[in-house]
Amino acid sequence: MRFSKLRLNGFKSFVDPTDLIIADGLTGVVGPNGCGKSNLLEALRWVMGENRPTAMRGGGMEDVIFAGTATRPARNFAEVSLQIDNTTRLAPAAFNESDLLDVVRRITRDIGSAYKANSKDVRARDVQMLFADASTGAHSPALVRQGQIFELINAKPKARRRILEEAAGISGLYARRHEAELKLRGAETNLLRVDDVIEQLGNQLSQLARQAKQAARYKELGASLRLAEGLLLYRRWKEADEARFTAEEALRAGTVTAAQAETAVQKAIKAREICEAALPASARRRGHCECSLAAVERAKRHAW
Ligand code: ATP
């Protein structure tokens, strides 16, 4: 993978689209103070995913957008595109489809940055990983800014180690290790949460098992209760039926007795009428009483 062209559009002092062809033989860019040499290096860092405004010598990331001059208005966006020669096909699998890889970063005021690789939207992290795997990137010690040589000479062993690791081509592995560690930490946190959930579910399970046992006992008792109630109702019905039968028998006997008594009464009345008719008028009054009493007595005997 080789950088072949850097195109700037609205980036810092490069208000108009400007191409920097990075061909064999290019050894340096020379120009007067303030002509934009450092801006080129910053554009290179920026397109590779730099997200610290201080590294762009600005207070906010939107400071990279052309701010305007006395004669030209400010721009609303800045775009930097980096063309990479991928004829060796050493780009990561996701970007290794063609011989030419075009990575574009665009920042729009109040909206922020967006990245594209070969016209497809990609995440900043994907772009950073692409360059990290190629042992370069926004933080590569190969990109030396003003005063950095002096800093490197006086650097601590840890900082020097980064340069050696990059030369050995393992800096991408460090970035991946960091990412893997983050994922691992996330997985560990999730595992802890899963443990909590399992514990909660265990408590719920024992509670539910207790309730299920109670429900089964309730069902069993309910069935016994219904059976007992059924037997009781049947017994009461049986007793009531027997009582009804006895009462009907008694009624029938009573009705017969009453009918017989009625007949006896009729007969007694008739006998009294005959007696009354046979007696003379003087005796009729006394006899009437005797006859009536005798008839009533007879009727009573007959009835009982
Ligand atoms: P030196 O050799 O002194 O380090 P240089 O060639 O590296 O200079 P740069 O520092 O790259 O130059 O460019 C500085 C120029 O870029 C300044 O003229 C500055 O006004 C201009 N500049 C920086 N940011 C913006 C911006 N957002 N909009 C317009 N111009 C900008």
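**A walk through the predicted model**

Let's start at the surface, where Val144, Ile149 and Ile153 make a nonpolar patch of about 270 Å². Patches take residues with over 30% relative accessible area and no salt bridge, joining like charges within 9 Å and nonpolar side chains (Val, Leu, Ile, Met, Phe, Trp, Tyr) within 5 Å; a salt bridge is a side-chain nitrogen of Lys or Arg within 4 Å of a carboxyl oxygen of Asp or Glu. Areas come from the Shrake-Rupley method with a 1.4 Å probe, and for residues only the protein chains shown count as cover. Ile153 belongs to helix 3 (residues 148-153) and is exposed, at 57% relative accessible area. Exposed means over 50%, buried under 20%, and partly exposed in between.

This is a predicted model, so to speak of local features needs pLDDT of at least 70, and side-chain atom pairs count only at pLDDT 80 or more, while totals for chains, interfaces and linings use all residues. Residues are numbered from 1 along each chain as its sequence is written, and side-chain values use heavy atoms, without hydrogens and water.

Now to the rings. Aromatic pairs number three, counting Phe, Tyr and Trp (six-membered ring) with centres within 6.5 Å; planes under 30 degrees apart are stacked, over 60 edge-to-face, the rest tilted. Phe11 and Trp46 form a tilted pair, 5.4 Å centre to centre with 50° between the planes. Both Phe11 and Trp46 are buried.

Phe77 has charged company: the charged end of Arg75 sits over its ring, 5.0 Å from the centre, and Arg106 lies over the face of Phe77 at 3.8 Å. The criterion is NZ of Lys or CZ of Arg within 6 Å of the ring centre and within 35 degrees of the ring normal.

Methods:
Buried < 20%, exposed > 50% of the residue type's maximum accessible area, 1.4 Å probe, protein only. Helix = DSSP H or I, 4+ residues; strand = E, 2+ residues; numbered from the N terminus.
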